[in-house]
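Subject: Handover of a structure and notes on its contents

Dear colleague,

Please find below the structure that I am handing over to you. My notes follow it.

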Amino acid sequence: MSVPVLKRAGDLLARYDVLISDVWGVVHDGLWALEPACDALMAYRERGGTVVLLSNAPGPSQQVAGLLDAKRVPREAWDRLVTSGDVTRALIAQSHQKRAFHIGWQSDRAVFDGLDVTLVDEDKADIVVATELNDYRTETPEQYRPLLERFARRGLPFICGNPDLVVHVGEDLLPCAGALATIYEELGGSVAWAGKPYRPAYDLALAAAADARGGRSVEPGKVLVIGDAVRTDLAGARLMGFDSLFIAGGIHRDETMRGGEVDAAGLARVLDRLPVQPIAAMGALA
């Protein structure tokens, strides 16, 4: 069965009490807010709906909220924000490890703030936390293989603070920490994935939605996931039993878009093998 392609999503969104929306590729493109998407979320909220932004960004939600402000995503477009960074902090605390080796940007180290953890050199580490590559514009994941091999031989646990494999920054497709975690698993290492499509991220998102709704619980049939990644957004929706809306103009756009429009054949190639289909697709949220 082919997935219907929508131009406008207002009628579809109105069927749900809560939207759990991806951020990068749906609400902004890595550089600036996508205004039609933000307008759609604001209109939905004005009608009484609740919007939780669920991002695989590796920073804590408070830090990422500031980044959204800088990209001109209106605060009126969302009620709550949950990030992989929030999940990462919980996993670090649960690990009870005190000495961590960090892979990622200096700014990502906010995930360690307030935790009883010391950042150390490779040979002193008891745990590895990867939030990004150190420089995803000049490095490749394979360059990290020798380092990851040494950690895997020692049996160090590895926390992946961003399960995405790649991300669009404007027109560029750049690697994420998920690519490092994939290599680590190939090497026999143990990985804890902090973010979509794993249940802890959605449990936090549902708790955030309930809080925004004054403590009212949310029924799974009244939750719609909006996202542009088959591996994370659609897989997470399937895991949780939620409906999903696929944004074809995001991470899969080279396969699913032609001339600014959704290409039916490309969309089918990306989606047809999924055990559960999204309820609809759009080029971009509007």
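The paragraphs below describe the chain as a whole, then its sheet, its aromatic contacts and one of its helices.

Please note that this is a predicted model. The protein chain contains 10 helices and 15 strands. For 286 residues, a compact globule would have a radius of gyration near 19 Å, and the value for the protein chain, 19 Å, agrees with this. The C-alpha trace spans about 55 × 45 × 35 Å along its principal axes. Of the 286 residues, 52% are buried. If one takes the contacts between residues at least 6 apart in sequence, 71% of them join residues at least 24 apart.

The sheet

An open sheet is built from 6 strands in the order E3-E2-E1-E11-E12-E15, and the pairing is parallel. Strand E3 (80-83) and strand E15 (280-282) form the edges; each has a single partner strand, so one side of each lacks a neighbour in the sheet. On average, neighbouring strands here are turned by 20° against each other, direction ignored. Within the sheet, strand E11 (residues 223-227) and strand E12 (residues 243-247) run parallel and are joined by 4 bridges. Val 225 is found opposite Ser 244 in E12.

Two helices lie across strands E2 and E3. Helix H3 (residues 61-70) crosses strand E2 (50-55) and E3, and runs at about 115° to E3. Helix H4 (residues 84-95) also lies across E2 and E3, with an angle of about 55° to E3.

Aromatic contacts

The whole structure holds 4 aromatic pairs. One of them joins Phe 101 and Phe 151, whose ring centres are 5.3 Å apart; the planes stand at 50°, so this pair counts as tilted. Phe 101 belongs to strand E4 (residues 99-103) and Phe 151 to helix H5 (residues 145-154), and the pair therefore ties together parts that are 50 residues apart in sequence. Both rings belong to buried residues: Phe 101 has a relative accessibility of 17%, and Phe 151 has one of 0%.

Trp 105 and Tyr 136 make an edge-to-face aromatic pair, with 5.1 Å from centre to centre and 90° between the planes. This pair links distant parts of the chain, 31 residues apart: Trp 105 is in the loop between E4 and strand E5 (118-119), while Tyr 136 is in the loop between strand E6 (127-130) and H5. Are these two residues buried or partly exposed? Trp 105 counts as partly exposed, at 31% relative accessibility, whereas Tyr 136, at 11%, counts as buried.

A ring also takes part in a contact with a charge. The charged end of Arg 72 is placed over the ring of Trp 32, at 4.4 Å from the ring centre.

Helix H6

Which parts of the structure do the buried residues of H6 pack against? Helix H6 (residues 177-186) is mostly covered, with 7 of its 10 residues buried. These buried residues are Ala 177, Gly 178, Ala 179, Leu 180, Ala 181, Ile 183 and Tyr 184. They pack against E4, E6, H5, strand E7 (158-160) and strand E10 (191-193). Just after H6, Gly 188 adopts a positive phi of about 90°.

With kind regards

Methods: Residues numbered from 1 in each chain as written. Predicted model: local features only at pLDDT ≥ 70, side-chain atom pairs only at ≥ 80, totals over all residues. Heavy atoms only, no water. Pairing = 2+ DSSP bridges. Axes fitted to C-alpha atoms, helices over the stretch in contact; angles between N-to-C directions. Contact = heavy atoms within 4.5 Å. Phe/Tyr/Trp six-rings, centres within 6.5 Å; stacked < 30°, edge-to-face > 60°. Buried < 20%, exposed > 50% of the residue type's maximum accessible area, 1.4 Å probe, protein only. Lys NZ or Arg CZ within 6 Å of the ring centre and 35° of its normal. Rg over C-alpha atoms; globule rule 2.2 N^0.38 Å.
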